[in-house]
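Here is a short round of questions on how two parts of one chain meet. Look at the model, then read on.

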Amino acid sequence: MKKATFLPYLIWMIMFIVIPLILVLFYAFTVSTPEGYKLSLDNFKRFFEPVYLKVILRSLGLALVSTLICLVLGYPVAMIMAGNTFSRRDVLMLLFVVPMWMNFLLRTYAWLAILERNGILNIALSWLKLPSVNILYTNAAVVLGMVYNFLPFMVLPIYSVLRKIDKGVIEAAHDLGANPVGVFTKVILPLSVPGIVSGVTMVFMPALTTFIISRLLGGGQFTLIGNLIEQQFLVVGDWGFGSAISVIMIVFILLSMGIMSFFEDADKEKTLW
Amino acid sequence: MYVYNWGDYIDESILKDFEEEYGIRVVYDTYATNEDMYVKIKSGGSTYDVIFPSDYMLTRMREEGMLEKLDLEKIPNSKYIDPRFLGADYDPNNEYSLPYMWGTLGILYNTNLVDDPVDSWDILWNPKYAKQILMLDSQRDSIGVALLKLGYSINTLNPDELVAAGEILKEQKPLVLAYVVDEGKDKMVSGEAALAVVWSGDAAYAIEENPDLAYTFPRTGTNLWFDVVAIPKGAKNIDAAHKFIDFLNRPDIAFRNVDHIGYATPHLAAKDQLPKEITDDPDFYPTDEDLVNAEVFVNLGATLKEYDRIWTEVKAH
């Protein structure tokens, strides 16, 4: 019975996950010659040219910075929302979720109108007699776009873990003489690690692979790894190189998941993932 | 019948008129780039009857055997097409395509912000306009501009010339506000930048929205482009497709269409009905003399990888 219900999922996974993955691996490890496809590592060798390394370092850097900012901004919000005394929890939750009902592209376009030279931000600044800022088409704008779009993915998992912490544990810590800082660092923070792990994973991965945020808010000046892959498939038609970069991306993501699950095991807790 | 066209590239009421006159239902889809269209047709997941590729993409699809031959006897209205635009290199005998719209690559500028004469690509390297220049986020077009500035061909296969073009694009990068495609014309309309590299059709749209803008292309050399109409292999309604292409070339329809979208038409009867001030403007309807140095893109084959590497270097610089 159990096996029978699993079958459709198995077929689905083979068709849409396993077979495409095999195709990606095939293209990545072969080069097409007049005599047919030949096993080769050329596609990977090409990736280690300095120009492509620069692209991946920049992608990693921007993704890390965005993830860190999301964590620093998101954790306190999750704590406030999870707090027993907070009565507007549903409203706040709604405020976080409602923007996600709107199309992601549309929300990113909106930032263009806010940040541009004669945009909303600079009009507001000039009203306040403050100097105008030009951050559109800079790294800062790309990070802003990522933090804005991915922040809910950090807040929600942390919130759901914090909610589940037994209040008795916190009371016990207080009763045993811990000050608020001690309660946080010794009790709440360690217990919330699974939430942090899910949040970091859920922000880091899309931030690493995004290509539309960097194109719109970065003005196409900062090629990220997502742009590079898109370019290979759509413009150049070099499926081999595009697949090789994709494989390298998969390796990066597996590595980061490995590091994450190391933390998770140490804590022996279940996360959302 | 399934029609696959660029976004905003037809007067959609024409589709309805065609349905009424011929009793053929039209399903209309749009794409944003040649490459999107190519990938969709190539993968074979969809069968369209009429498509609108650009010149170099037509060559690629023709060479890969992805197109049906046109039967010009079934398209009598093709006689209205300016012979000047027939038999071009991308389809020497017009066996597979008929021109739909055409134009140039040039510079759209804001007359309030630019006081130097705009007559060469050099102005895009002028530090006076730092952070006020929009380039195209399209490797062939942007590398093409650099090649033209250096006096080389936009279809060069010479690696040294390509490296030189890459170098001057890196030099130019600090002056560039952004590399854009579709957003470029809107940025120019709202006065966010002084100079932008655009296709002439987009320029016509932008000038209509903001009369401070003007368009020209350097006579020293530019890219002359064509968007054509063709029938992909695997089309199920080839007869209807011919009727549709003929309908598009009927003088009244061709005029309505070009009047709506504002690009330059190769259709003589339609052109004659347009206001003189448009068709006499050598920036939008250049004569052969204006186009002496203009080149049409050719399909580069494997050298395209070299363009891609140079472009990635510029973008990662």
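Q: What separation lies between the centres of domain 1 of chain B and domain 2 of chain B?
A: The centres, taken over C-alpha atoms, are 27 Å apart. This is a predicted model, in which local features need pLDDT of at least 70 and side-chain atom pairs count only at pLDDT 80 or more, while totals for chains, interfaces and linings use all residues. Residues are numbered from 1 along each chain as its sequence is written, chains are lettered from A and ligands numbered from 1 in the order in which they are written, and side-chain values use heavy atoms, without hydrogens and water.

Q: Which residues make up the two domains of chain B?
A: Domain 1 is 2-102 + 225-279, and domain 2 is 103-223 + 292-316. These bounds come from an automatic or database domain assignment.

Q: What makes residues of the two domains count as in contact?
A: Their heavy atoms must lie within 4.5 Å. By that rule, eleven residues of domain 1 of chain B touch 13 residues of domain 2 of chain B.

Q: How do you know how much area the two domains of chain B bury?
A: Buried area is the accessible area (1.4 Å probe) that two parts lose on being put together, summed over both. Here that comes to about 990 Å², with 57% on carbon and sulfur atoms. Tyr56(B), Trp225(B) and Tyr263(B) supply 55% of the area that domain 1 buries against domain 2, more than any other three residues.

Q: How many salt bridges does the rule find across this interface of chain B?
A: Zero. A salt bridge needs a side-chain nitrogen of Lys or Arg within 4 Å of a carboxyl oxygen of Asp or Glu, so the rule finds no such pair between domain 1 and domain 2 of chain B.
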